[in-house]
Amino acid sequence: MTTFKSLGLNELLLKAVEKLGFESPTEVQDKVIPILLEKNTDLVALAQTGTGKTAAFGFPMLQRIDPNKRTTQGLILSPTRELCLQITNDMGIYGQGIKNVNIVAIYGGANITDQANKIRRGAQIVVATPGRLKDMIRRKLVDISAIEYCVLDEADEMLNMGFYEDIKSILTHTPANKSSWLFSATMPPDVNKIAKKFMHNPIEITVGTKNSSAKNIDHQYFIVGARERYNALRAVISMNPEIFGCVFCRTKIETQKVAEKLIQDGYKAAAIHGDLSQNQRDSVMQSFRKKKIQMLIATDVAARGIDVDDITHVVNYQLPDEIEIYTHRSGRTGRAGKLGTSIIFVTKSDRRKIKLIENKLQTTLTEVQMPSPQEVFTSKIDHWVGQIKNTPVKSDLQSYLPNVNKSLEDLTKENLIELILSKEFRSFDLNPKISEFSRESSSEGRSDRKINAPKDKDRFFINVGARDKYEWTTLKDFLRSFLKLGQDDVFQVEVMKNFSFFSTHNKHRDLVLKSFDNFMLDERKVSVELTKKGRTFSSPQKNFKKKKPRFK
Ligand code: AMP
């Protein structure tokens with residue numbers, strides 16, 4: 001068996017490997033690391049995210065740079081801010097034992113002066129998104145004229161996002177004799193063009209089959225009616241109660257709609273799409289990473305760079321137009337040696353697309369029948385029973401037991417179970433739609449569920465949440481009384497740790513935005529933003545206190 005030692009890593013890096021608990025190199029590491037350590041060569045590696053590719057280029061780069069020189073020697077270009085931060089973090093961990101090595105991330109949407117200061121202090125490795133890097137080169141805040149190694153990570157995604165010209169321009173500022181290492185999940189013509197234009201006889205490495213998706217992903221499809229997608233999604237979640245999933249929709253509006261429906265139905269869900277500001281996107285991603293959100297509903301663009309391990313299911317709410325995009329979507333699961341499931345909802349008329357995917361991925365997709373309502377219900381009850389069995393016993397309740405036992409002593413075990421089950425679940429109509437199978441709503445949920453939302457509604461983001469001791473009920477009460485609105489005028493209130501969302505009819509838009517001008521909570525400006533088509537509107541920021549709210 002190959003070991004990291006036999007690939008040629010030095011002692012410092014081997015220590016990091018040991019600390020990380022990586023037992024053996026992944027396929028891409030096995031193939032790439034020895035080449036990059038031994039040769040000054042260009043390289044094109046076809047590898048999906050989740051295959052361990054960051055370490056495949058990261059270890060050789062860390063081993064080859066000279067940490068005693070302060071000049072920038074390695075550049076890593078990545079498509080998104082999220083991925084840029086992830087790579088910087090991973091590289092920091094991989095290089096933790098190397099003295100004096102500085103790895104600096106530069107990306108848009110954050111303070112450029114802070115980033116420039118970090119670079120000025122000496123950064124041997126810079127991890128950057130193309131737009132911000134180009135800007136900093138123009139302002140002479142970063143010097144990449146002496147780099148020896150240049151990584152283009154997720155090259156296909158960078159080109160999909162329209163960074164071709166930026167990359168071209170950035171590369172003109174780098175020396176001709178550097179080594180370029182390009183990593184991409186797929187090889188569309190544009191990536192080929194970059195490879196041909198900027199690389200010299202690159203060594204080509206393919207992990208798995210070209211254009212095929214990772215082997216540890218189980219690809220399944222459900223034939224659904226065009227209007228049945230949401231019910232199908234509910235069924236998938238119900239049948240997999242421990243799901244930690246990402247649902248891909250084609251439009252921002254659909255993304256938002258699906259997330260809101262799930263929230264109304266009591267699931268921990270959130271949407272991520274281009275209408276959210278960068279800060280809102282970061283908050284949502286953070287909640288997802290920490291598993292405070294169970295289902296992330298995303299557009300393809302917003303999902304670029306979602307780099308979260310442990311995603312158990314990817315759901316294609318609709319199929320994308322290009323099969324390449326399907327590969328990206330499904331590659332969000334089945335990472336780091338774990339098993340994942342990629343599910344497609346497909347209408348009968350689109351069924352032929354399944355064949356196309358099978359041909360392209362050279363794998364078989366399994367048709368799965370929609371579970372019957374009874375199966376869904378049985379699965380819910382099984383899950384609930386499992387949860388009861390695993391509930392830790394609270395010792396401080398012991399003293400109350402004799403009294404409770406006495407009160408229930410007339411009941412048999414069977415009677416008692418029947419009563420608890422009836423309290424916990426709705427009565428079961430034998431012919432219900434799957435969407436009707438929701439757990440009886442209780443006050444302990446995190447969101448405002450059963451609301452007939454008007455069509456002309458606005459959805460707002462507010463930067464208060466559970467850390468301010470709010471639940472959805474108390475936040476809703478506060479918003480209603482503060483805005484002087486009626487009982488049902490504030491709805492779909494969803495509370496996360498640091499922020500929340502709520503909806504109102506759009507006739508209240510000005511009232512909501514203006515009311516929070518200068519509103520302070522514990523010395524913090526409360527800000528409310530509208531999350532809807534196009535831009536995010538904010539309530540204006542001013543620096544004086546208006547009044548202190550009576551928060552509990
Ligand atoms: P990447 O493809 O670089 O995004 O890596 C995906 C995940 O795999 C990361 O969480 C890494 O920490 C993990 N990983 C990378 N290399 C190995 C390895 N050799 N063994 C186990 N996990 C790994």
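**Figure 1. The shell of residues around the ligand is drawn from two domains.** In this predicted model, domain 1 (4-206) and domain 2 (217-373) each contribute at least three residues to the shell around the ligand. The ligand is surrounded by 15 residues, and the closest of these are Gln29, Gly50, Gly52, Thr54 and Asp309. When the residues of the shell are sorted by their chemical character, 4 turn out to be nonpolar, 8 polar and 3 charged.

**Figure 2. Polar atoms of the protein lie beside nitrogen and oxygen atoms of the ligand**. The side chain of glutamine 29 places an N or O atom 2.7 Å from a nitrogen atom of the ligand, while a polar backbone atom of glycine 52 is 2.7 Å from an oxygen atom of the ligand. At lysine 53 the backbone is again involved, with an N or O atom that lies 3.3 Å from an oxygen atom of the ligand. Taken alone, the ligand would expose 500 Å², and the protein buries 83% of that area.

**Figure 3. The whole protein combines helices and strands**. Its secondary structure comes to 20 helices and 21 strands, and of the 552 residues in the protein, 53% are buried. Among the contacts between residues at least 6 apart in sequence, 74% join residues that are at least 24 apart. The protein exposes about 27,000 Å², and 50% of this area is supplied by carbon and sulfur atoms.

**Figure 4. Helix α10 is largely enclosed by the rest of the structure**. How many of the 11 residues of this helix, which covers residues 229-239, are buried? The count is 10 of the 11, so helix α10 is described as largely enclosed. The buried residues in α10 are Arg229, Tyr230, Asn231, Ala232, Leu233, Arg234, Ala235, Val236, Ile237 and Ser238.

**Figure 5. Histidine 328 makes polar contacts through its side chain**. This histidine is found in helix α14, which covers residues 323-330. Is histidine 328 buried or exposed? Histidine 328 counts as buried because its relative accessible area is 13%, which is under the 20% cut-off. Its side chain is joined to the side chain of aspartate 156 by a polar contact of 3.3 Å, and to the side chain of glutamate 157 by a polar contact of 3.0 Å. If neighbours within four places in sequence are left aside, the residues in contact with histidine 328 are Asp156, Glu157, Asn160, Ala185 and Thr186.

**Figure 6. Isoleucine 357 is a buried residue of helix α15**. The helix covers residues 352-361, and isoleucine 357 within it has a relative accessible area of 3%. Not counting residues up to four places away in sequence, isoleucine 357 touches Leu319, Ile323, Tyr326, Ile344, Gln362 and Leu365. One of these, isoleucine 323, is 34 residues away in sequence, yet the two C-alpha atoms are 6.4 Å apart in space.

**Figure 7. Lysine 140 and glutamate 154 each have a positive phi**. Most residues other than glycine have a negative phi. Lysine 140, which is not a glycine, has a positive phi of about 55°, and glutamate 154, also not a glycine, has a positive phi of about 45°. Lysine 140 is found in the loop between α6 (130-138) and β5 (149-152), whereas glutamate 154 lies in the loop between β5 and α7 (155-160). Lysine 140 is exposed, with a relative accessible area of 74%, but glutamate 154, at 5% relative accessibility, counts as buried.

**Figure 8. Lysine 69 and lysine 292 are partly exposed residues in loops**. Lysine 69 lies in the loop between α3 (53-64) and β2 (74-77) and has a relative accessible area of 40%. Leaving aside neighbours within four places in sequence, lysine 69 is in contact with Gln124 and Glu148, and its C-alpha atom is 9.2 Å from that of valine 101, which is 32 residues away in sequence. Lysine 292 is placed in the loop between α12 (278-289) and β11 (295-298), where its relative accessible area is 31%. Although lysine 292 and methionine 496 are 204 residues apart along the chain, their C-alpha atoms are separated by 7.6 Å.

Note on methods. Residues are numbered from 1 along each chain as its sequence is written. This is a predicted model: local features need pLDDT of at least 70, side-chain atom pairs count only at pLDDT 80 or more; totals for chains, interfaces and linings use all residues. Side-chain values use heavy atoms; hydrogens and water are left out. A residue is near a molecule or strand if one of its heavy atoms lies within 4 Å of it. A polar contact is a pair of N or O atoms within 3.5 Å; within protein, one must be able to donate a hydrogen and the other to accept it, and residues adjacent in sequence count only if both atoms are side-chain atoms. Accessible areas come from the Shrake-Rupley method with a 1.4 Å probe; for residues, only the protein chains shown count as cover. Ala, Val, Leu, Ile, Met, Phe, Trp, Tyr, Cys and Pro count as nonpolar, Asp, Glu, Lys and Arg as charged, and the others, Gly among them, as polar. Domain bounds come from an automatic or database domain assignment. Helices (H or I, at least four residues) and strands (E, at least two) are DSSP runs, numbered from the N terminus. Buried means under 20% relative accessible area, exposed over 50%, partly exposed in between (1.4 Å probe, protein chains only). Contact means heavy atoms within 4.5 Å.
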